[in-house]
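Here is a friendly walk through one protein model, written for someone at the bench. Keep the viewer open and follow along.

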Amino acid sequence: LADPFPYLLLVDADNRPLGWIQDREIPASGPLTAEHAEPASPYLERQTTLKDALSLLLSADVLAGVVLDDRGRLVGVVTLDQIAAFLRDAARQVPAEAAS
């Protein structure tokens with residue numbers, strides 16, 4: 001990523017997301033708990049399309065979505081910047097004839 005993502009995703013012992021903690025809000029010492037986290041991101045399934053993921057992120061007014069498996073465990077995170085970069089790259093790769 002061009003700019004570092006300024007949030008930490010807190011998960012429980014079963015790898016289920018609890019929410020985000022902004023980097024400047026991470027305590028210098030002591031354990032992180034669910035009270036530190038803000039559950040603001042939409043949850044995405046592995047088969048969610050980029051178009052749908054982009055729409056969900058924009059609708060929720062957040063920078064990232066959380067990708068979960070069938071059991072609600074974390075698979076990964078996708079950011080608005082990652083989706084935009086992928087779509088820009090894909091648009092550049094379209095042959096000139098296909099674009100017209």
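How many salt bridges does the structure hold? There are three. Please keep in mind as you read that this is a predicted model.

| Salt bridge | N to O distance | Citation |
|---|---|---|
| Arg16 and Asp14 | 3.6 Å | closest N and O atoms |
| Arg73 and Asp69 | 3.0 Å | side chains meet |
| Arg92 and Asp89 | 3.3 Å | side chains meet |

Let us take the partners in turn. Arg16 is partly exposed, with a relative accessible area of 31%, and Asp14 also counts as partly exposed, at 48% relative accessibility. In the bridge to Asp69, Arg73 has a relative accessible area of 29% and is partly exposed.

The bridge between Arg92 and Asp89 sits within one helix: both residues lie in α2 (residues 80-92), three residues apart, which is about one turn of the helix. Why does Arg92 count as exposed, while Asp89 is partly exposed? The cut-off for exposed is over 50% relative accessible area. Arg92 is at 61% relative accessibility, so Arg92 counts as exposed. Asp89 has a relative accessible area of 35%, and therefore falls in the partly exposed class.

**The aromatic cluster**

Now turn to the rings. The structure holds three aromatic pairs. One of them joins Phe5 and Tyr7, whose ring centres are 5.5 Å apart with 50° between the planes, a tilted arrangement. Another joins Phe5 and Trp20: here the centres are 5.4 Å apart and the planes stand at 70°, so the pair is edge-to-face. Planes over 60 degrees apart count as edge-to-face, which is the cut-off behind that label.

Where along the chain do Phe5 and Trp20 lie? Phe5 belongs to the segment before β1 (7-11), and Trp20 to strand β2 (residues 17-22); with their positions 15 residues apart, the pair links distant parts of the chain. Taken together, ring pairs link Phe5, Tyr7 and Trp20 into a cluster.

Is Trp20 buried or exposed? Trp20 is buried, with a relative accessible area of 9%. Its two cluster partners are in another class: Phe5 is partly exposed at 25% relative accessibility, and Tyr7 is partly exposed at 31%.

**The hairpin**

Trp20 also brings us to the strands. β1 and β2 pair in the antiparallel sense, over five bridges. Trp20 in β2 is the bridge partner of Leu9. Five residues lie between the strands of this hairpin, and there Asn15 takes a positive phi near 65°.

**The largest pocket**

Which residues line the largest pocket? Phe5, Tyr7 and Trp20 are among them, the very residues that ring pairs link into a cluster. The lining also includes Ile21 and Gln22, then Glu38, Ala40 and Ser41, and finally Asp61, Val62, Leu63 and Ala64. The volume of this pocket is about 180 Å³.

β2 supplies the largest share of the lining, three residues. Sorted by class, the lining has eight nonpolar residues, two polar and two charged.

To look back over the tour, Trp20 is a good residue to click on: Trp20 is buried, pairs edge-to-face with Phe5, is the bridge partner of Leu9 and helps line the largest pocket.

Notes: Residues numbered from 1 in each chain as written. Predicted model: local features only at pLDDT ≥ 70, side-chain atom pairs only at ≥ 80, totals over all residues. Heavy atoms only, no water. Phe/Tyr/Trp six-rings, centres within 6.5 Å; stacked < 30°, edge-to-face > 60°. Buried < 20%, exposed > 50% of the residue type's maximum accessible area, 1.4 Å probe, protein only. Helix = DSSP H or I, 4+ residues; strand = E, 2+ residues; numbered from the N terminus. 1 Å grid on protein atoms, 1.4 Å probe; cavity = no way out; pocket = protein on both sides within 12 Å on 5 of 7 lines; lining within 4 Å. Points joined across faces, edges and corners; volume = space filled by probe spheres on them. Nonpolar A, V, L, I, M, F, W, Y, C, P; charged D, E, K, R; others polar. Pairing = 2+ DSSP bridges. Salt bridge = Lys/Arg side-chain N within 4 Å of Asp/Glu carboxyl O.
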